[in-house]
Amino acid sequence: MSRLLPAFCAMLIASFGAWSDAMAQTKPAPAVIRVTYIPIANYTPLLVARDKGYFGEENLSVTWSPVAQGAVSVEAVFGGSAEVGGSAVFETMVARGNGFDLMFLAAGVHTRSEPPDNNGVLVRTDDTIRVPADLAGKKISAGLLNSINYVHMVEWLRKKGVDHSKIEFLEIPFPQMADALFQKRLDAVWNVEPFVTFMTKSGKARVLAYPFIDNIPGMDVANYMAKESWIKANTDVARRFRRAIDRATVFLAGAPKEERDDWIAKFTGMKLDVVKEVTLPVFSTEFNVPSLQANLDLAVRHKIDEVIRREVDDL
């Protein structure tokens, strides 16, 4: 599976490179694109592209619906209920490598290279858990099993000398992790912003570690993906969507903090004073290809490709 990346990226480049820049002489009705996304800051470019008119300038009518996890976006796009999905790059690559007709459409965000990151493993403030070894025998949620967070959690534990088989992993959606931790139904959670800030500001939780930074600093974490067959059948529409999203991403990356915070507050529904405290990911229009290869290597090391292949066979 680790050998799939060169062909995967080459196909991405070839698909977009082959698209003509010629515009139709007669403007058709706006192309409709349905997007599924995780309601976190990573996908704020959707709102920017709509409200600043980038989608309109590309003659696109784009709507979006929230989902709890990136894997749900994969299912929605593969099943045809959405043309574009926002998910972790890990889910897109592993699904592609195991038979799903999916490929990258546009880049999203990178994790940070140095702490603090915009996601992390948290424990209760008054808990005795201080080092990775203290997690042995505990109950933890890193989101969905076999997701990017789960795989990186397992890898982080391996590097710290902790046997992950001694830990009970439970699937808890990000918004519900705080209650599960505070009610002592879990001993640790790997959560994302804005929930990390909510939890730490409450005084009831503290960050134990930032596994992404420990494993692959500055890696790609989120992307927009679509079915390869849809991209080939709608190359101009797909190109226009990517151009609008890239334009919005560049805008957010270069915007003053106060303006960027305003956009993120509007998109996520967070209060502005909370957004000001949140650690944001790095918005980028470029894929960090070495980090993609490193994630594929992790999938192979932890045999996630075999797990996904069984799931594909069951469809």
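The protein chain holds 15 helices and 11 strands. The model is predicted. Of the 315 residues in the protein chain, 57% count as buried. Take contacts in the protein chain with a separation of 6 or more: residues 24 or more positions apart account for 81% of them.

**Confidence**

Mean pLDDT for the protein chain is 89, and 88% of its residues reach 70 or more. Over residues 18-24 the pLDDT is below 50, and this stretch has nine contacts in the model beyond near neighbours in sequence. Residues 305-315 also stay under 50 in pLDDT. For residues 305-315 the model has 14 contacts beyond four places in sequence.

**Strand β3 and its partners**

How many residues of strand β3 are buried? Five of its five, across residues 84-88, so this strand is mostly covered. Strand β1 (residues 31-37) is mostly covered too, with five of its seven residues buried.

Strands of a sheet pair through backbone hydrogen bonds, either parallel or antiparallel. β3 offers one case of each. With β1 it runs parallel, joined by two bridges. With strand β10 (residues 220-227) it runs antiparallel, joined by five bridges. β1 in turn pairs with strand β2 (residues 60-66) in the parallel sense, over seven bridges.

The table lists some strand pairs with one set of facing residues each.

| Strand pair | Residue | Facing residue |
|---|---|---|
| β1 and β2 | Arg34 | Thr63 in β2 |
| β1 and β3 | Thr36 | Gly85 in β3 |
| β3 and β10 | Gly86 | Tyr224 in β10 |
| β5 and β8 | Gly120 | Asn191 in β8 |

One further pair belongs with β3: Val35 stands opposite Val84 in that strand.

**Helix α5 against helix α14**

Helix α5 spans residues 89-97. Seven of its nine residues are buried, and the helix is mostly covered. The buried residues are Val89, Phe90, Glu91, Thr92, Met93, Val94 and Ala95. Just after α5, Gly99 takes a positive phi of about 110 degrees.

How do α5 and α14 pack, and at what angle? The angle between α5 and helix α14 (residues 289-301) is about 65 degrees, and their axes lie 10 Å apart. Their crossing is right-handed. α5 contributes Val89, Phe90, Met93 and Val94 to the contact, and α14 contributes Leu292, Asn295, Leu296 and Ala299. By class, that contact has seven nonpolar residues, one polar residue and no charged ones. An α-helix has 3.6 residues a turn, so residues three or four places apart point the same way.

**Leu298 in α14**

Leu298 also sits in helix α14. Is Leu298 buried or exposed? Its relative accessible area is 6%, which is under the 20% cut-off, so Leu298 is buried. Setting aside residues up to four places away in sequence, Leu298 touches Val151, His152, Glu155 and Ile216. Leu298 and Phe90 are 208 residues apart in sequence, yet their C-alpha atoms are 9.7 Å apart in space.

**Val74 in α4**

Val74 is found in helix α4 (residues 70-79). Val74 has 7% relative accessibility and therefore counts as buried, the cut-off being under 20%. Which residues does Val74 touch, not counting those up to four places away in sequence? They are Ser87, Glu91, Ala95, Leu102 and Met225. Val74 and Val84 are 10 residues apart in sequence and 9.0 Å apart in space, C-alpha to C-alpha.

**The five-strand sheet**

Another group of strands forms an open sheet, with five strands in the order β7-β6-β8-β5-β9 and mixed pairing. Its edge strands are β7 (168-169) and β9 (205-209), each pairing on one side only. Inside the order, strand β5 (residues 119-124) and strand β8 (residues 188-192) pair in the antiparallel sense over four bridges. Helix α7 (residues 174-182) packs on the sheet and touches β5, β6 (139-141), β8 and β9. The direction of α7 makes about 150 degrees with that of β8.

Notes:
Residues numbered from 1 in each chain as written. Predicted model: local features only at pLDDT ≥ 70, side-chain atom pairs only at ≥ 80, totals over all residues. Heavy atoms only, no water. Buried < 20%, exposed > 50% of the residue type's maximum accessible area, 1.4 Å probe, protein only. Pairing = 2+ DSSP bridges. Axes fitted to C-alpha atoms, helices over the stretch in contact; angles between N-to-C directions. Left-handed = near helix turned anticlockwise from the far one by under 90°. Contact = heavy atoms within 4.5 Å. Nonpolar A, V, L, I, M, F, W, Y, C, P; charged D, E, K, R; others polar. pLDDT = per-residue confidence, 0-100.
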